[in-house]
Amino acid sequence: MDTANPSSQPPLGNTAAAPSGGVLPRLAPSEWGRVTLVGAGPGDADLLTLKAARALSSADLVLYDHLVSDDVLQHVAAGAERIYVGKQSRNHTLPQEGIIELMVRLAQSGRSLVRLKGGDPYIFGRGGEEAEALAAAGIACDTVPGISAAQGAAASAGIPLTHRDHAAMLVFATGHLQGEEGERTVALDWAALARPHQTVVIYMGVGTLPIICAQLIAHGLPASTPAAMIERATLPGQRSIVGTLQTLPQLSVAYGVNPPALVMIGDTVALHARLCKEAAKAPKYVQAFGLLFGDLSKAVENARHAPLQNALQGA
């Protein structure tokens with residue numbers, strides 16, 4: 001899911017729980033509604049595109065995900081019906097197949113709707129699957145792109161995704177476990193991800209961060225490669241935990257990083273301290289290059305025994 005920011009679920013207002021089955025009239029195809037897949041951006045409502053804002057303000061029915069911020073939902077028309085279909089780890093309001101079935105049923109009953117997804121629908125948002133299913137059912141579908149979580153995190157944390165001197169390539173990957181229970185693993189092309197002179201952004205990698213870092217080191221990236229986790233990118237609660245492939249797993253545990261967060265790896269991460277105006281002054285940002293803490297062991301020890309703000313102020 002392409003975002004770094006969850007909404008508090010579900011918001012107040014005209015909200016309806018996702019129906020588990022109900023009978024809806026099925027009309028002739030000429031009377032079917034249409035579906036608009038809309039990217040909500042990374043969380044900050046100011047980063048909504050104009051087209052997305054227009055779609056929300058004119059919608060009568062909105063199906064929205066967990067990773068859509070409350071501020072973005074304020075752009076939904078006051079009288080519109082909202083159906084929460086959010087998914088969190090081991091807590092799905094509806095399975096993906098159920099969400100698709102619901103959209104098809106609603107459209108075939110004559111209702112047009114907005115399917116609101118965090119970030120960009122086509123970047124780890126399963127928008128491609130939904131558009132494919134709607135096309136197979138003969139339902140008209142439009143897509144409104146959104147600013148991706150990676151773009152939002154890069155801009156707000158001062159970590160360029162590309163740079164003429166440091167990164168001529170950009171790779172997005174997903175870090176969640178795949179496979180059957182008992183044999184689940186992070187199935188990625190580690191050799192490709194470990195190439196030099198590129199920036200790697202990994203979505204859904206909080207729980208598998210030790211595997212990710214170990215595999216990248218094993219496949220040739222230096223352990224000293226700059227790496228960061230950006231938590232709740234673009235929102236007031238954003239945190240940037242910056243270290244290296246070797247230190248980032250420890251720092252993630254020490255500072256209690258929780259999803260949604262992005263993992264960013266590559267030499268451009270080292271530019272964070274210079275480019276992020278918050279890095280030198282705001283307690284919510286953590287530096288682990290010795291810029292504030294002196295060394296990693298001190299950083300980890302401070303994080304374990306003091307609130308983040310006190311640790312930063314006392315470094």
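The following questions and answers go through a predicted model of one chain, from its overall make-up to single residues.

Residues are numbered from 1 along each chain as its sequence is written, and side-chain values use heavy atoms, with hydrogens and water left out. Local features need pLDDT of at least 70 and side-chain atom pairs count only at pLDDT 80 or more, while totals for chains, interfaces and linings use all residues.

Biologist: What share of the residues of the chain counts as buried?

Modeller: Buried means under 20% relative accessible area, exposed over 50%, and partly exposed in between, with a 1.4 Å probe and protein chains only. The chain has 11 helices and 14 strands, where helices (H or I, at least four residues) and strands (E, at least two) are DSSP runs numbered from the N terminus. Of its 315 residues, the share that counts as buried is 52%.

Biologist: Which residues line the second largest pocket?

Modeller: A pocket is an open set of points on a 1 Å grid over the protein atoms alone, where a 1.4 Å probe fits, with protein on both sides within 12 Å along at least five of seven lines; lining residues have an atom within 4 Å of a point. Both α1 (50-58) and β7 (113-117) supply at least two residues of this lining. The lining consists of Arg 34, Thr 36, Ala 55, Ser 58, Ala 59, Asp 60, Leu 61, Ser 112, Leu 113 and Val 114.

Biologist: How much space lies in the second largest pocket?

Modeller: Grid points are joined across faces, edges and corners, and a volume is the space filled by probe spheres set on the points. By that reckoning, the space in the second largest pocket is about 160 Å³.

Biologist: Is Thr 36, one of the lining residues, buried or exposed?

Modeller: Thr 36 is found in strand β2 (residues 35-39). Contact means heavy atoms within 4.5 Å; leaving aside neighbours within four places in sequence, Thr 36 is in contact with Leu 113, Val 114, Arg 115, Asp 142 and Val 144. Its relative accessible area is 16%, so Thr 36 counts as buried.

Biologist: Which residue in β8 stands opposite Val 38?

Modeller: Two strands pair if DSSP finds at least two bridges between them. β2 pairs with β7 in the parallel sense over 5 bridges, and 4 bridges join β2 to strand β8 (residues 141-144), also parallel. In β8, the residue opposite Val 38 is Val 144.

Biologist: How many residues of strand β10 are buried?

Modeller: In a regular strand the side chains alternate between the two faces of the sheet. From β10, Gln 198, Val 200 and Ile 202 point one way, and Thr 199, Val 201 and Tyr 203 the other way, all of them buried. β10 (residues 198-203) is largely enclosed by the rest of the structure, because the buried count is 6 of the 6 residues.

Biologist: Which residue in β13 stands opposite Val 200?

Modeller: β10 is joined to strand β9 (residues 169-174) by 6 bridges, and the two run parallel. Between β10 and strand β13 (residues 261-265) there are 3 bridges, and these strands run antiparallel. Opposite Val 200, in β13, stands Ile 265.

Biologist: Which residue follows α5?

Modeller: In helix α5 (residues 149-157), Ala 149, Ala 150, Gly 152, Ala 153, Ala 154 and Ala 157 are buried. Their cover includes β9, β10, β11 (226-231), β12 (239-244), β13 and α9 (272-275). The residue after the helix has a positive phi, near 70°, and is Gly 158.

Biologist: What is the phi of His 197?

Modeller: Most residues other than glycine have a negative phi, and most peptide bonds are trans. His 197 is found in the loop between α6 and β10 and counts as exposed at 55% relative accessibility. Although His 197 is not a glycine, its phi is positive, at about 60°.

Biologist: Which residue does a cis peptide bond join to Pro 259?

Modeller: The omega of this bond is about 0°. The partner lies in the loop between α8 (248-254) and β13. The residue joined to Pro 259 is Pro 260.

Biologist: How far apart in space are Thr 185 and Thr 208, C-alpha to C-alpha?

Modeller: Thr 185 is in the loop between β9 and α6 (190-193) and counts as partly exposed at 40% relative accessibility. Thr 185 and Thr 208 are 23 residues apart in sequence, and their C-alpha distance is 8.9 Å.
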